[in-house]
Amino acid sequence: MPGTLPEELVDAELRTDARGRAWGVLEAVVSPHPQRVAPDCAQYRGCPGCPLRHAAPEFAAEWKLGAARRAFERIAGHPAPPGDLMQPVGREAFRARLSGARLGGVLGMGALPGEPPVDLRLCPAQTSASRAALTAFQADLEAQGLLDAVARVSVAAAEETGDVRIAVAAMDAPALARLLAAPLPVRPGRAVFAKLPTARDADLETGATALAGTPTMRFRAGDDTLQATMPAWVPQSPGTLNALRDWALAALQPAGVDVLELGCGVGTLSLPLARAARSLVGVDCVRPAIVDATENARVAGVENARFRLGFADHAVRRLVSGGHRFEAVLLHGMRAPFGARLMDVLPAVGARRIAYLAPITASLARDANALKGYTLERLDFVDQMPGTAHLMAMGVWTRRPNSS
Ligand SMILES: C[S@@+](CC[C@H](N)C(=O)[O-])C[C@H]1O[C@@H](n2cnc3c(N)ncnc32)[C@H](O)[C@@H]1O
């Protein structure tokens, strides 16, 4: 039940919907858990985004660590190996990207039943840059009488460079025509794109048309400033980038070896890995990401990295049949598992060590089940979004001695 903690005694109202589904709505906590704290967000009651803000941060982290390890064990069918939980960011201002919808008069997020929409301009989890970008964009739409033309919105904002990338889904074809016809105010570093998505299309960036600005934004990662051109991936929780980089360097031990990175994006992790390695090949299925990664390596003076466009399984097959071998492999995917087609061919790369960054523990567990000839040595986690239920899982495999 939202708003509760384990073993609490509460008063709740039981509600049911037309399909007979029932849920409890918390009315009062009769005996609170010792780790309960006052939620540090005015919209907490109705917001599904940070369901753990009423728990002390250390307790919330341990709680979701337990849930993630249990999820791994349920799917993998064996105990999770040892690992650490990293907590590089606090509960405020960690999130540089947002997606929302127009709900009445706000660009926000759907709330729990019976509560008003969540106004993301007030969300404490967003960085000041992403909140400011959304606030300015909504004001500009209102000033032009265009707010009702927008169905959904996604915003990415880079704090250090000031660059902002906004993509909107128009309500319908006439609404898209209105958005394309009306000039939005020019704001330095801001790009606004729009499209008419299909019903199931969650990606607002691919195939969108410019309303203002250029599709390339710049963001900082460690000592690098990287460019990312829509729809190339930009980090969601920039405050955790150094922790991810350090973890990947420790997991892969790349000194003097050839590294393969699957899901390299614009090269966020590729550049530090290549600096430590003999060579690096990065693969990504998004064309602009590969163009950006190549340019980012050139600008950074990293000469031993090459980037290839393709899906991971096809790319690995081509590399292996071309005689390439890599001693270390990093996989960094989206929410879905990479799948058995990649895991079947991956051992042919000959890697001694494989590391995997997984936004969802279940994806890592599913791919782990399909990978043969390797032992999962560690299962670490990084809390990229404290207060939410999310944890990023990070696995390290070593090749078994008898596997060729
Ligand atoms: C979470 S992003 C990480 C990007 C980059 N490593 C970084 O840290 O910025 C995952 C990347 O994997 C790519 N990707 C996802 N599935 C893929 C696949 N099957 N083959 C190739 N690339 C894939 C996406 O396009 C995206 O750029």
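This passage describes the sheets, helix packing, ligand surroundings and unusual backbone positions of a predicted model.

Two open sheets are considered in turn. The 8 strands of one follow the order 3-18-19-17-16-13-14-15, and their pairing is mixed. Its edges are formed by strand 3 (85-86) and strand 15 (305-309), each of which pairs on one side only. Helix 4, spanning residues 241-252, packs on this sheet, where it touches strand 3, strand 13 (258-262), strand 16 (328-332), strand 17 (353-358), strand 18 (374-382) and strand 19 (392-399). The direction of helix 4 makes about 155° with that of strand 17. At the strand 15 edge, strand 14 (residues 279-284) and strand 15 run parallel and are joined by 5 bridges, and within this pairing Val 281 has Arg 306 of strand 15 as its bridge partner.

The open sheet of 7 strands has the order 6-5-4-7-8-9-10, again with mixed pairing. Strand 6 (118-119) and strand 10 (209-212) each have a single partner strand, so that one side of each edge strand is left without a neighbour in the sheet. Helix 2 (residues 128-143) packs on this sheet through strand 4, strand 5 (106-109), strand 7 (150-157) and strand 8, and its direction makes about 145° with that of strand 7. Strand 8 (residues 164-170) is joined by 6 bridges to strand 9 (residues 190-195), and the two run parallel; in this pair, Ala 169 stands opposite Lys 195 of strand 9.

Packing between helices is illustrated by helix 1 (residues 57-76) and helix 9 (residues 361-370), whose axes come within 9 Å and cross at roughly 30°. Because of this angle, helix 1 counts as roughly parallel to helix 9, and the crossing of the two is right-handed. Helix 1 contributes Ala 68, Ala 71, Phe 72, Ile 75 and Ala 76 to the contact, while helix 9 contributes Thr 361, Ala 362, Ala 365, Arg 366, Ala 368 and Asn 369. By class, the residues of this contact comprise 8 nonpolar, 2 polar and 1 charged.

The ligand is surrounded by 19 residues, of which Gly 263, Gly 265, Thr 268, Cys 285 and Ala 312 come nearest. The shell around the ligand divides into 13 nonpolar, 5 polar and 1 charged residues.

Two loop positions carry distinctive backbone geometry. The peptide bond that leads from Met 230 to Pro 231 is cis, with omega near 5°, and Pro 231 is located in the loop between strand 12 (224-229) and helix 4, the helix that packs on the sheet of 8 strands. Ala 93, a residue other than glycine, has a positive phi near 55° and is placed in the loop between strand 3 and strand 4 (97-103). This loop therefore lies between an edge strand of the sheet of 8 strands and a strand of the sheet of 7 strands.

Methods
Residues are numbered from 1 along each chain as its sequence is written. This is a predicted model: local features need pLDDT of at least 70, side-chain atom pairs count only at pLDDT 80 or more; totals for chains, interfaces and linings use all residues. Axes are lines fitted to C-alpha atoms, for helices over the stretch in contact, and angles run from 0 to 180 degrees between N-to-C directions. Helices (H or I, at least four residues) and strands (E, at least two) are DSSP runs, numbered from the N terminus. Angles under 35 degrees count as roughly parallel, over 145 as roughly antiparallel, 65 to 115 as roughly perpendicular and the rest as oblique. A crossing is left-handed if the near helix is turned anticlockwise from the far one by less than a right angle, and right-handed if clockwise. Two residues are in contact if their C-beta atoms, placed from the backbone, lie within 7 Å. Ala, Val, Leu, Ile, Met, Phe, Trp, Tyr, Cys and Pro count as nonpolar, Asp, Glu, Lys and Arg as charged, and the others, Gly among them, as polar. Two strands pair if DSSP finds at least two bridges between them. A residue is near a molecule or strand if its C-beta atom, placed from the backbone, lies within 6 Å of it.
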